[in-house]
Amino acid sequence: MIRPGRWASDTIGRWFAINIVVAVIIAAGMNAAFVAVAGVWAKPGIDETGIVDQAVAIVRVLDGMPPALRPQLAASANNPTYRATWLPNDAALPIPIATSTFHIGREKVRTLLRRPDARVLAYEPGDPGLHGPEDHYGLAISLSDRSWVLFVTSERSWGLGGGKRSLLTAAFIVACSLVVAALASRRLARPMERFARQAQRFGTDVNAPPVEATGPLEIRLVGQAFNEMQARVQRYVADRTHMLAAISHDLRAPLTRMRLRGEFIEDEEQQRKLFRDVDEMQAMVNASLNFFRDDSEQEVATRFNLSELVDTVLDDFRDAGDDVTFHAGESIAYVGRPLTLRRAIANLVENAIKYGTRANVHLASKAEWVEITIDDDGNGIPEYLREDVFRPFFRVESSRNRKTGGVGLGLAAARSAVRGHGGDISLESRESGGLRVCVRLPIISAVS
């Protein structure tokens, strides 16, 4: 017996909380890994381009040279990494002095130059007020006479702007969160889906196995209550079936006594009528016993070839000289109770031959259903009686002749067998005349 605890660790509330926390942690970790691995897309700062130390050394050399030599000396320092240019005043700078945000790097340059009052500017692609090469990095350092040396790095065409980087990072965070949330939600939803499938199966098959109570505490409690209800229903159906079978069995004794006593009736006409009624009641009792016995026996479901089973049933009628035909495509493997289905199909084919002179059977497989249709050439059944004929002991034939009217349990037993597999039987009128019986059996996969 499962008892809910106030601090149970497997309740739905705890599952939601844990899943949310885990989703956030995993998404944050994946985002950090993304930023680290995909750093080639990030736009590095000017202090990461490797020109600061080299620039300081060149500035110290140019600061000790006459202004006339500085342009030539600065040009001679150019290399594939950067290009150096001497600028005589502030007006020649490619960026306004007030827009520079090179704060941490500025202190580093001043320390290396040993000039606390040195002016240091830097710009990156996309900075406001830039009127120089917009896809390059620049570093400007002032000399003692307030002239400048400008270092411009090579183009970094693989860099992404701040807006694009933020958008890309946000999209990755959302994608990671959705993936983790979907996996976590799936873990919670799987027990509920399993319970729904098993409950739906019980709705079509009273002999369905108990629900496997797994998952959070609330779902296990519901599964346990459902299993208790299912057991009570199954006991009720079994008790009713056994009771009716016992009544039908007990009726055999008085019927036998009635027939023996009928032998002493001298009036032959009354004796004939009595024997006819006794024979009819005996046939009904035998049919009832067979019906209840089939309903109470628990045949184990197994995998078998449905096409071969139908063909085997029809072979028995062919051997008896009946007009039966069979049309089927590829072989169909089915999971069910073969003996139960065999009796049901035999009942339907027998009715088609008895009331429609012939039986034309078709077998087809669809995505979720297997369909068996049985056509005959008889007079059919009126639409307003098509549901009544499935009631036990109901006969469309109004006579009391058992050879023409039957007992009235064939269709009831067939529908019980088909519904026991989760399917159903329907009756339709054929355009060319006659009756069409449609049997639909669901393809039930194993419940995981």
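In the predicted model, the side chain of Asp 376 reaches the backbone nitrogen of Gly 378 at a distance of 3.1 Å. Asp 376 is situated in the loop that links β9 (369-375) to α11 (402-405). Although buried, Asp 376 forms no salt bridge. The nearest side chain of opposite charge belongs to Arg 430 and is 5.7 Å away; a salt bridge would require a side-chain nitrogen of Arg or Lys within 4 Å of a carboxyl oxygen. Arg 430 is nevertheless among the residues that Asp 376 touches. When residues up to four places away in sequence are not counted, the other contacts of Asp 376 are Ala 352, Gly 356, Arg 358, Gly 433, Gly 434 and Leu 435.

Two of these contacts, Ala 352 and Leu 435, recur in the surroundings of Ile 374. With neighbours within four places in sequence left aside, Ile 374 is in contact with Ala 352 and Leu 435, and also with Leu 348, Val 349, Ala 359, Asn 360, Val 361, Arg 436 and Val 437. Ile 374, Val 349 and Ile 372 have the most contacts inside the largest nonpolar core, which comprises 37 residues. At least two residues of this core are supplied by each of α9 (306-319), α10 (338-356), β8 (358-365), β9, α12 (410-419), β10 (424-429) and β11 (435-442). The largest share, seven residues, comes from α10. Another core, of 21 residues, lies apart from this one and includes Ala 55, Trp 86, Val 120 and Val 149. In soluble globular proteins, nonpolar side chains tend to be buried together.

Over the whole protein, twelve helices and eleven strands are present. Of the 448 residues, 35% are buried. The exposed surface amounts to about 25800 Å², of which carbon and sulfur atoms supply 57%. Among contacts between residues at least 6 apart in sequence, 65% join residues at least 24 apart.

Backbone geometry was also examined in two loops. Most residues other than glycine have a negative phi. Thr 357, in the loop between α10 and β8, has a positive phi near 70°. The relative accessible area of Thr 357 is 58%, and the residue is therefore classed as exposed. A positive phi, likewise near 70°, is found for Arg 146, which lies in the loop between β3 (138-142) and β4 (148-153). Arg 146 is exposed because its relative accessible area, 51%, is over the 50% cut-off.

Notes: Residues are numbered from 1 along each chain as its sequence is written. This is a predicted model: local features need pLDDT of at least 70, side-chain atom pairs count only at pLDDT 80 or more; totals for chains, interfaces and linings use all residues. Side-chain values use heavy atoms; hydrogens and water are left out. Helices (H or I, at least four residues) and strands (E, at least two) are DSSP runs, numbered from the N terminus. Buried means under 20% relative accessible area, exposed over 50%, partly exposed in between (1.4 Å probe, protein chains only). Lys and Arg count as positive and Asp and Glu as negative; His and the chain ends are not counted. A polar contact is a pair of N or O atoms within 3.5 Å; within protein, one must be able to donate a hydrogen and the other to accept it, and residues adjacent in sequence count only if both atoms are side-chain atoms. Contact means heavy atoms within 4.5 Å. Accessible areas come from the Shrake-Rupley method with a 1.4 Å probe; for residues, only the protein chains shown count as cover. A nonpolar core is a set of buried Ala, Val, Leu, Ile, Met, Phe, Trp, Tyr and Cys residues joined through side-chain atoms within 4.5 Å.
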